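Q: Please take one part of the structure and describe it closely, then follow the chain outward to whatever surrounds it. I am a first-year student, so I would like the reasoning spelled out with care.

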Amino acid sequence: MTVYFIGAGPGAADLITVRGQRLLESCAVCLYAGSLVPRELLAACPPDARLVDTARLNLDQITAELAEAHRAGHDVARLHSGDPSVFSAVAEQMRRLDAAGVPYEVVPGVPAFAAAAAALGRELTVPAVGQTVILTRVAQQATPMPDGEDLATLGRSRALLVLHLAARYADRVVAELLPHYGADCPAAVVAMASRPDELVLRGPLGGIAGQVRAAGVTRTAVIMVGRALGAEQFPDSHLYSAERDRCGTTVPDGPGAPDGGSRPER
């Protein structure tokens, strides 16, 4: 049978994808991180489903649960918060399933940074202001960052930075980014994005760490830093411009093109 790594989304139960919901309704076994995945999502599981909270399990124990369910002929829903492609520890689980000969599929979910941007009411790529978003974290009591991916290096790009797993180190984040972004650069912290207890903090980079401390935010939050967060004066995108017929640059037709057709580049 199959293990389905399902992105549960940022928190709100209705932000799981239709595909993810349908798989939850059909799988006889569901593994989930109780500290991150809302209990409301589990209501979609079959009444007789085996539910396993992985919050206190190590990687080998989780893999053993997945392999045992496979041997028993059960499909498994492996719920991960956000989207499995980012900071989910799915890669090491898939590596072990490959070694054990257990088939799996990945079902995308709404990532935390997208829910945070929605809470802020902001597009993260703004014409002539910023067209690059960097998703990263800091290495404190976690796996070290690879060479060249420290904040000082990434900050030189002045691209919009989205930091996961970094709320408790907000002071360090600010100190390392100030030389590149400046104290007045717009910043925001969104905790519990899309959930009833969602908290949004906004302000200049120089003061955002103080807001984080005052609010007591230490986890389940993303930090965003970049000029696009406060951009008000910027040119309209060429994407839907009335002048597009006179613009000589177009993007190709096909699935990757805006609205599936030829339009000028942004």
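**Strand E7 and its surroundings**

A: Leucine 163 of strand E7 has isoleucine 223 as its bridge partner in strand E10, and this pairing, like everything that follows, is read from a predicted model. E7 and E10 run antiparallel and are joined by four bridges. E7 is also joined to strand E6, which covers residues 133–136, and here the four bridges link strands that run parallel. On that side, leucine 161 of E7 is the bridge partner of isoleucine 134.

The side chains of E7 can be sorted by direction: Leu160, Val162 and His164 point one way, while Leu161 and Leu163 point the other way, and all of them are buried. The strand is therefore described as mostly covered, with five of its five residues buried, where buried means under 20% relative accessible area.

Just before this strand, the picture changes. Arginine 158 sits in the loop that leads from helix H6 (151–155) to E7 (160–164), and arginine 158 counts as exposed because its relative accessibility is 59%, above the 50% cut-off. The backbone of arginine 158 also deserves attention, since its phi is near 60°, a positive value in a residue other than glycine. Most residues other than glycine have a negative phi. A second residue of this kind is serine 194, whose phi is near 80° and is likewise positive although the residue is not glycine. Serine 194 belongs to the loop between strand E8 (186–191) and strand E9 (199–204), and with a relative accessible area of 23% it is partly exposed.

Charged side chains form the next layer of the description. Side chains of opposite charge can pair when their charged atoms come close. Across the whole structure, a search finds seven salt bridges, and three of them can be followed here, beginning with arginine 213 and aspartate 171, whose closest N and O atoms are 2.5 Å apart. Arginine 213 lies in helix H8 (residues 205–215) and aspartate 171 in helix H7 (residues 170–181), so this pair ties together parts that are 42 residues apart in sequence. Arginine 213 is exposed, at 53% relative accessibility, whereas aspartate 171 is partly exposed, with a relative accessible area of 42%.

Helix H7 also holds a salt bridge within itself. Arginine 172 and glutamate 176 meet through their side chains at 2.7 Å, N to O, and both lie in H7, four residues apart, which is about one turn of the helix. Arginine 172 has a relative accessible area of 30% and is therefore partly exposed, and glutamate 176, at 24%, is partly exposed as well.

The remaining pair to follow is arginine 227 with aspartate 184, a salt bridge of 3.1 Å from N to O. This pair links distant parts of the chain, 43 residues apart, since arginine 227 is in the segment after strand E10 (221–225) and aspartate 184 is in the loop between H7 and E8. At 39% relative accessibility arginine 227 counts as partly exposed, while aspartate 184 is exposed, with a relative accessible area of 54%.

This brings the account back to its starting point, because E10, the strand that arginine 227 follows, is also joined by four antiparallel bridges to E7, whose five residues are buried.

How values were computed. Residues are numbered from 1 along each chain as its sequence is written. This is a predicted model: local features need pLDDT of at least 70, side-chain atom pairs count only at pLDDT 80 or more; totals for chains, interfaces and linings use all residues. Side-chain values use heavy atoms; hydrogens and water are left out. Helices (H or I, at least four residues) and strands (E, at least two) are DSSP runs, numbered from the N terminus. Buried means under 20% relative accessible area, exposed over 50%, partly exposed in between (1.4 Å probe, protein chains only). A salt bridge is a side-chain nitrogen of Lys or Arg within 4 Å of a carboxyl oxygen of Asp or Glu. Two strands pair if DSSP finds at least two bridges between them.
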